[in-house]
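Please look through the sequence and the structure shown here before reading on. The paragraphs that follow take up one part of the picture at a time.

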Amino acid sequence: MLRPNLPKPPQNPLNQQSFEQNYRDVCNLLLSLTHSRSLPKGLQLHSHVLKSGLQTIPLISHHLINFYSKNQLPLHSRQIFEEASRKSSTTWSSVISSFAQNELPVLAIEYFRRMLGAQLRPDDHIYPSVAKSCAILNRLDVGQSVHCLAVKTGYEFDVFVGSSVVDMYAKCGEIRDARKVFDEIPEKNVVSWSGMIYGYTQLGQDEEALRLFKQAMVENLDVNDFTFSSVIRVCGNSTLFELGRQIHGLCFKTNFDLSSFVGSSLVSLYSKCGVIEGAYRVFDEIPVKNLGMWNAMLIASAQHVHTDNALDLFKQMESAGMKPNFITFLCVLYACSHAGLVEKGQYYFSLMREYGIEPGEQHYATLVDLLGRAGKLQEAVKIIDEMPIEPTESIWGALLTGCRIHGDTELAASVADRVFELGPVSSGLHVLLSNAYAAAQRFEEAAKVRKMLRDRGVKKETGLSWVEEGNKIHTFAAGDRTHMRTKEIYEKLEELGEEMEKAGYVADTSFVLREVNREEKDQTIRYHSERLAVAFGLITFLPDRPIRIMKNLRICGDCHTAIKFMSKCSGRVIIVRDNNRFHRFEDGKCTCGDYW
DNA sequence: ATAGGGTTAG
């Protein structure tokens with residue numbers, strides 16, 4: 001264990017009287033230094049404390065423990081704790097909190113056990129730190145026994161203890177227990193509510209999160225930036241633009257829109273809903289931008305293929321002295337990958353190391369994707385062979401996609417062989433593997449892979465497109481005839497189809513995967529979900545409003561061409577989000593430059 | 001006299 005470098009105790013402590021004189025001043029000074037996190041001054045004061053022998057006073061040692069905790073030096077806290085002659089429950093509480101706050105949850109729990117072993121009764125101040133440590137470690141078992149102990153010692157209804165236990169259960173995936181504890185807190189406050197709402201969002205229970213938020217609004221309860229950032233994230237994930245905008249309005253009224261946390265959620269909301277201008281506006285208005293804020297804006301510009309902006313943002317970050325983290329680099333690599341910038345991507349990839357960040361699985365996957373799409377398949381293979389981590393499914397998937405685009409059937413098949421040696425794979429990769437064998441004319445293996453898929457009962461995800469209209473969401477599947485305005489939608493497609501053909505559009509049926517005859521192919525492709533959604537948008541929205549469509553899968557090549565013609569013939573702006581980026585169609589062109 | 005709970009970005 002690392003020994004923190006603390007000042008040595010004095011040889012001759014001063015007399016009793018200066019103890020008393022010093023005592024109050026030192027206390028107040030320590031408190032204010034803790035508040036302002038002024039480390040050098042605190043270290044000076046600490047050595048003064050030792051010279052005058054004040055460290056024997058419990059209150060002083062508590063203050064010192066907290067001072068070092070706030071300055072992220074938990075091992076200094078620990079040493080003061082160990083050297084303290086009398087250890088009250090406050091002393092234990094302070095040191096355990098220092099561990100919990102400073103990424104030493106294992107030590108926090110270890111000291112908690114030691115404290116119980118010393119026959120000390122834990123008080124209400126200690127439980128939150130211990131519950132937090134269990135949450136960080138995802139140790140439901142320990143968390144449950146801590147909760148039990150809190151009940152036994154009569155603190156289960158304390159709002160601090162309760163809120164931290166709610167958070168612990170939510171983070172350990174036991175949302176029902178979290179809710180039970182939440183419901184039983186008699187005087188819930190904004191932290192209890194936010195914690196519960198956040199818990200639901202963590203587990204993807206978006207509706208429940210929104211319901212709780214609505215209840216808080218209806219009951220006129222306190223909410224704050226934590227609450228807002230959680231619910232805005234829900235809106236972003238489900239692309240509920242109208243609701244998100246209304247909640248943005250509420251943030252504005254309450255001034256929480258200036259918080260960086262709320263700001264990053266808002267940027268992500270606007271971006272995910274296809275309104276990139278809104279994202280920039282929010283970003284510009286946040287006075288103090290933290291790392292999350294920069295990353296949110298970076299990923300937004302990457303998704304919308306505003307590549308120059310993205311790379312410029314990165315430069316601005318560097319000159320503002322903001323240290324990029326692994327997410328920042330992921331965003332920048334996405335930006336390069338979406339624009340096919342191979343050299344730039346490689347440059348940023350190597351820049352990571354200079355910042356002391358070890359590339360993770362996702363960074364490698366993006367790099368392999370970038371190289372693969374650019375046709376540099378051998379370089380991609382080299383990356384995979386030489387990287388220090390085990391290749392994941394997304395990394396293999398990226399390589400297979402590259403092989404498919406550049407028609408390297410041999411490499412694809414050999415990759416498939418390699419992947420199968422590693423054991424069972426997910427359904428998404430199965431499809432790629434089966435296609436790889438089929439393309440290499442190895443039909444037996446292809447059939448075998450398809451059979452494996454069938455045996456496991458995995459179905460391909462149904463392609464869906466959806467459009468928001470006010471507070472309503474209209475969803476379409478391919479060939480869908482269930483929508484109320486089906487007749488008008490198909491008529492619009494007919495009418496548009498004629499214009500498109502006059503403008504030079506020819507359907508490319510090679511994108512239909514199923515084995516059907518040619519005429520049928522033509523029919524299927526004409527009514528892909530995104531086209532129905534575009535037609536709905538054309539007959540629903542006023543001409544100057546862009547039509548925004550969300551899609552769960554990648555757009556097929558022919559629909560991409562078709563929508564270009566649709567934008568030209570209708571004179572409308574059409575924005576389509578597929579599974580990982582945005583396409584903005586205008587006047588017969590798409591922002592992706594046909595690279596996606 | 002003193003200590004404690006929840007967050008953003010993929």
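A base nitrogen of DNA strand B lies 3.0 Å from a polar atom in the side chain of Asn 224, in what is a predicted model. Two further side chains are placed in a comparable way: a polar side-chain atom of Asp 158 is 3.2 Å from a base nitrogen of DNA strand B, and the side chain of His 125 has an N or O atom that is 3.4 Å from a base nitrogen of that strand.

The surroundings of the strand can be taken next. There are 44 residues around DNA strand B, of which Thr 90, Gln 101, Ser 163, Lys 171 and Arg 233 come nearest. Among the atoms of DNA strand B that come within 4 Å of the protein, 43% belong to sugar and phosphate. The surface near the strand is made up of 16 nonpolar, 20 polar and 8 charged residues.

Attention can now turn to a pair of helices within the protein. Two packed helices are described by the angle between their axes and by the distance between those axes. For helix α7, which covers residues 127–137, and helix α8, which covers residues 140–152, the angle is about 160° and the axes are 9 Å apart. Because angles over 145 degrees count as roughly antiparallel, α7 is roughly antiparallel to α8. The crossing in which α7 passes α8 is left-handed.

Where the two helices meet, α7 contributes Tyr 127, Val 130 and Cys 134, while α8 contributes Val 142, Gly 143, Val 146, Leu 149 and Ala 150. This contact of α7 with α8 comprises 7 nonpolar residues and 1 polar residue, with no charged residues.

Key: Residues numbered from 1 in each chain as written. Chains lettered and ligands numbered in written order. Predicted model: local features only at pLDDT ≥ 70, side-chain atom pairs only at ≥ 80, totals over all residues. Heavy atoms only, no water. Axes fitted to C-alpha atoms, helices over the stretch in contact; angles between N-to-C directions. Helix = DSSP H or I, 4+ residues; strand = E, 2+ residues; numbered from the N terminus. Parallel < 35°, antiparallel > 145°, perpendicular 65-115°, else oblique. Left-handed = near helix turned anticlockwise from the far one by under 90°. Contact = heavy atoms within 4.5 Å. Nonpolar A, V, L, I, M, F, W, Y, C, P; charged D, E, K, R; others polar. Near = heavy atom within 4 Å. Polar contact = N/O pair within 3.5 Å; in protein donor to acceptor, adjacent residues only side chain to side chain.
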